[in-house]
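Thanks for coming. I will go through some backbone outliers and then the ligand site.

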Amino acid sequence: MNTIFTHGGNVFAVARQLGVPPEEILDFSASINPLGPPPGVRGAVAAAFDRLGHYPDSACTELVEALARCHGCEPANVCVGNGSTELIHLLPRLVAAQRALIIAPAFSEYAEALRKAGWAYDCLVLPEDAGFPLSIAAVREELHKEYGLLFLCNPGNPTGRLYRKDQVAELLEVCRDAGTLLVVDEAFIDFCDEESVKRPVIESGAGVVIRSMTKFYGFPGLRLGYALAAAPLAERLCTLRLPWGVGTLAQAAGVAALADPGHGARSRAFVAEERAFLMAGLSSLPGVRVWPGAANYLLARLNGELSAAGLQERLLPERILIRDCANFHGLDGHFFRVAVRTREENERLLAALRAVIARG
Ligand SMILES: Cc1ncc(COP(=O)(O)O)c(C=O)c1O
């Protein structure tokens, strides 16, 4: 493949390259709920079609109220964005500083947002051998450099590593003492939401929690995410957004998704079972190391000659797309990430991987 992608989920470009319809690509490169959106979302989006003759509700009132009810906070603590990516890109404008720290490896948009805002950044790379543990003492040491923002992804993408709520709350205190705003990206925490630090973050005023609705609710094609923070921070973030940035269809999808808690419970149970199956299958492949993950994806590494890019290339004739993790700061060209999908799809992936690895 001759195109370099920054993210996973490039089914349209890959399908064009292969000359096949996008529906034929089995996409393990983007980590989307394998059960898809809650059933009510389709009808809600169709019904909202008739409202497209008006501009969207810029304040996303109904969705903000539903999110506040769902998280047990006030509407003033919520800021909805055009995907959590929009909010990540606005964060540097919340703080009068020019330097940030990123706990790596991590989602590439933190660095991209900082670069575009003219900030410098450092990465604190977590050790892969120990399973990417977070040392609060190591972060405290780094914070002497007077960073304006600290980015932590929990659970980590691409590592899948979950940091316990107590530990992240301790990090929040360390950041508050250092005058650094802590950003906890909880884009995948719906799969393990008892570990969310939304409450201490809102109460402390020393951080921002970023949440995505595109992964857990299965509609990345509709852009929707939000931030949770103390009211003054959330309100300032809202003022930085583009007017009408969140479309009517996305708002309707979000409200309908939140109205179906049963889908969330089913998704968590389904993903836990399939993740265990995929973990066991990947671990049984010769020369492959897999890291346990708490979300709907797993990080793995090829220990032999074959690179992740080579593996990705060899899976394409099978119409299977995986995420080559070479461009994550802190990982090398042998790391790859795969999403947890349905049993039949996971079996297809494992069979294809087994065949490629056997060929050498
Ligand atoms: C960790 C993490 N945060 C945020 C995002 C952005 O998601 P969205 O803009 O679809 O809400 C992604 C997308 O892959 C991600 O992996």
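Trp 244 is partly exposed, with a relative accessible area of 43%; partly exposed means between 20% and 50%, buried is under 20% and exposed is over 50%, with a 1.4 Å probe and protein chains only. Trp 244 sits in the loop between α9 (231-240) and α10 (248-258), where helices are DSSP runs of H or I with at least four residues and strands are E runs of at least two, numbered from the N terminus. The phi of Trp 244 is positive, near 55 degrees.

This is a predicted model, with local features needing pLDDT of at least 70 and side-chain atom pairs pLDDT 80 or more, while totals for chains, interfaces and linings use all residues. Numbering starts from 1 along each chain as its sequence is written, and side-chain values use heavy atoms, without hydrogens and water.

Phe 132 also has a positive phi, near 60 degrees. Phe 132 is in the loop between β4 (120-125) and α6 (136-142), and it is buried, at 1% relative accessible area.

Next, the peptide bonds. Ala 104 to Pro 105 is cis, omega near 0 degrees, and Pro 105 lies in the loop between β3 (99-104) and α5 (109-116). Asn 154 to Pro 155 is cis as well, omega near -5 degrees. Most peptide bonds are trans, and most residues other than glycine have a negative phi.

Now the ligand. Which residues come nearest to it? Of the 14 around it, meaning a heavy atom within 4 Å, they are Thr 85, Asn 157, Asp 185, Ser 212 and Arg 223. A polar side-chain atom of Asp 185 lies 2.6 Å from a ligand nitrogen atom.

Conventions
Polar contact = N/O pair within 3.5 Å; in protein donor to acceptor, adjacent residues only side chain to side chain.
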